Amino acid sequence: MSANSRLTIAAHALAWIGLYQRQGHEVATSEQIATSASTNPVVIRRLLGDLRRAGLVESRRGVGAGWSLVRDLESITLLDVYEAVEPGPLFALHRAAPDPGCVVGYGIQPAMQRIYDGIEETLRRELARVTLEDVLRDVLAAPR
């Protein structure tokens, strides 16, 4: 299994747009953001589409096309970003019901669900504490 990087790339894109706008630019293109993130512009456009549906960014078409923040970085938490780009639970249970005649098969889902619920609650609480402004501040403070 590989780790999912959607939250990281989405946070990267938002921080990049926020910094770019502070430098006096109105909109950022998906190509510019993709270059910074070393990914394909299509990946960025898909994530930005999710972020637009969540009300975090808006797009402009035509001459001067690009993306801009709808809200300030100070008012966007990592939880906002997570909820925009990560539909569904963090962990999944069996796709097919385990054998209810087996003692482990009978009890595994409720046992694991309680654990997963606690992890999810902790994750959400921690993500809600961090704004994109915090992320950008740490990015800019990172030694080169």
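A salt bridge here is a side-chain nitrogen of Lys or Arg within 4 Å of a carboxyl oxygen of Asp or Glu. Keep that in mind for your first stop, and remember that you're looking at a predicted model.

**Stop 1: salt bridges**

There are 12 salt bridges in the structure. Let's visit a few of them.

Select Arg22 and Glu74. Their side chains meet in a salt bridge, with N and O 3.5 Å apart. Now look at where the partners sit: Arg22 is in helix α1, while Glu74 is in the loop between β2 (66-69) and α4, so this contact ties together parts that are 52 residues apart in sequence. Switch on a surface and check both ends. Arg22 is partly exposed, with a relative accessible area of 46%, and Glu74 is partly exposed too, at 44%.

Next, pick Glu26 and Arg60. Here the N to O distance of the salt bridge is 2.9 Å. Glu26 belongs to the loop between α1 and α2 (30-37), and Arg60 to strand β1 (residues 57-60), so the pair joins parts 34 residues apart in the sequence. Is Glu26 buried or exposed? Glu26 is exposed, because its relative accessible area is 55% and the cut-off for exposed is over 50%. Arg60, at 38%, is partly exposed.

Now go to Arg124 and Glu83. The closest N and O atoms of this salt bridge are 2.6 Å apart. It's another link between distant parts of the chain: Arg124 is in helix α5 and Glu83 in helix α4, 41 residues apart. Both ends are partly exposed, Arg124 with 28% relative accessibility and Glu83 with 44%.

Before you leave, select Arg6, Asp50 and Arg53 together. Salt bridges with shared partners join these residues into one network.

**Stop 2: aromatic rings**

How many aromatic pairs does the model have? The count is 2, and you can see them both.

For one of them, show the side chains of Trp16 and Tyr20. The ring centres are 4.7 Å apart and the planes are at 25 degrees, so the pair is stacked. The cut-off behind that word is planes under 30 degrees apart. Trace the backbone from Trp16 to Tyr20: they're 4 residues apart in helix α1 (residues 6-22), which means about one helical turn separates them. Trp16 is partly exposed, with a relative accessible area of 22%, whereas Tyr20 counts as buried at 15%. The line between those labels is drawn at 20%.

Now select Phe91 and Tyr116. These rings have their centres 4.6 Å apart and their planes at 25 degrees, so this pair is stacked as well. This one links distant parts of the chain: Phe91 is in the loop between α4 (78-85) and α5 (103-129), Tyr116 is in helix α5, and 25 residues separate them. Phe91 is partly exposed at 36% relative accessibility, while Tyr116 is buried at 18%.

**Stop 3: a pocket**

Hide the side chains you've been looking at and turn to the second largest pocket, which has a volume of about 150 Å³. To find it, select its lining: Ala28, Thr29, Ser30, Glu31, Arg45, Arg52, Ser59, Arg60, Arg61, Ala65, Gly66 and Trp67. Which elements give two or more residues to this lining? They are α2, α3 (41-53), β1 and β2. Colour the lining by residue type and you'll get 3 nonpolar, 4 polar and 5 charged residues. You may recognise Arg60 in the lining, since it was also the salt-bridge partner of Glu26.

**Stop 4: the nonpolar core**

Time to head inside. In soluble globular proteins, nonpolar side chains tend to be buried together. The largest nonpolar core in this model has 30 residues, and those touching the most other members are Ile17, Leu48, Leu51, Val57, Val81 and Leu132. Show these as spheres, then colour the elements that give two or more residues to the core: α1, α2, α3, β2, α4 and α6 (132-141). Which element gives the most? That's α1, with 8 residues.

**Stop 5: an unusual backbone angle**

Finally, select Ser38, in the loop between α2 and α3. Most residues other than glycine have a negative phi. Ser38 has a positive one, near 55 degrees. At 68% relative accessibility, Ser38 counts as exposed.

How values were computed. Residues numbered from 1 in each chain as written. Predicted model: local features only at pLDDT ≥ 70, side-chain atom pairs only at ≥ 80, totals over all residues. Heavy atoms only, no water. Phe/Tyr/Trp six-rings, centres within 6.5 Å; stacked < 30°, edge-to-face > 60°. Buried < 20%, exposed > 50% of the residue type's maximum accessible area, 1.4 Å probe, protein only. 1 Å grid on protein atoms, 1.4 Å probe; cavity = no way out; pocket = protein on both sides within 12 Å on 5 of 7 lines; lining within 4 Å. Points joined across faces, edges and corners; volume = space filled by probe spheres on them. Nonpolar A, V, L, I, M, F, W, Y, C, P; charged D, E, K, R; others polar. Core = buried A, V, L, I, M, F, W, Y, C linked by side-chain atoms within 4.5 Å.
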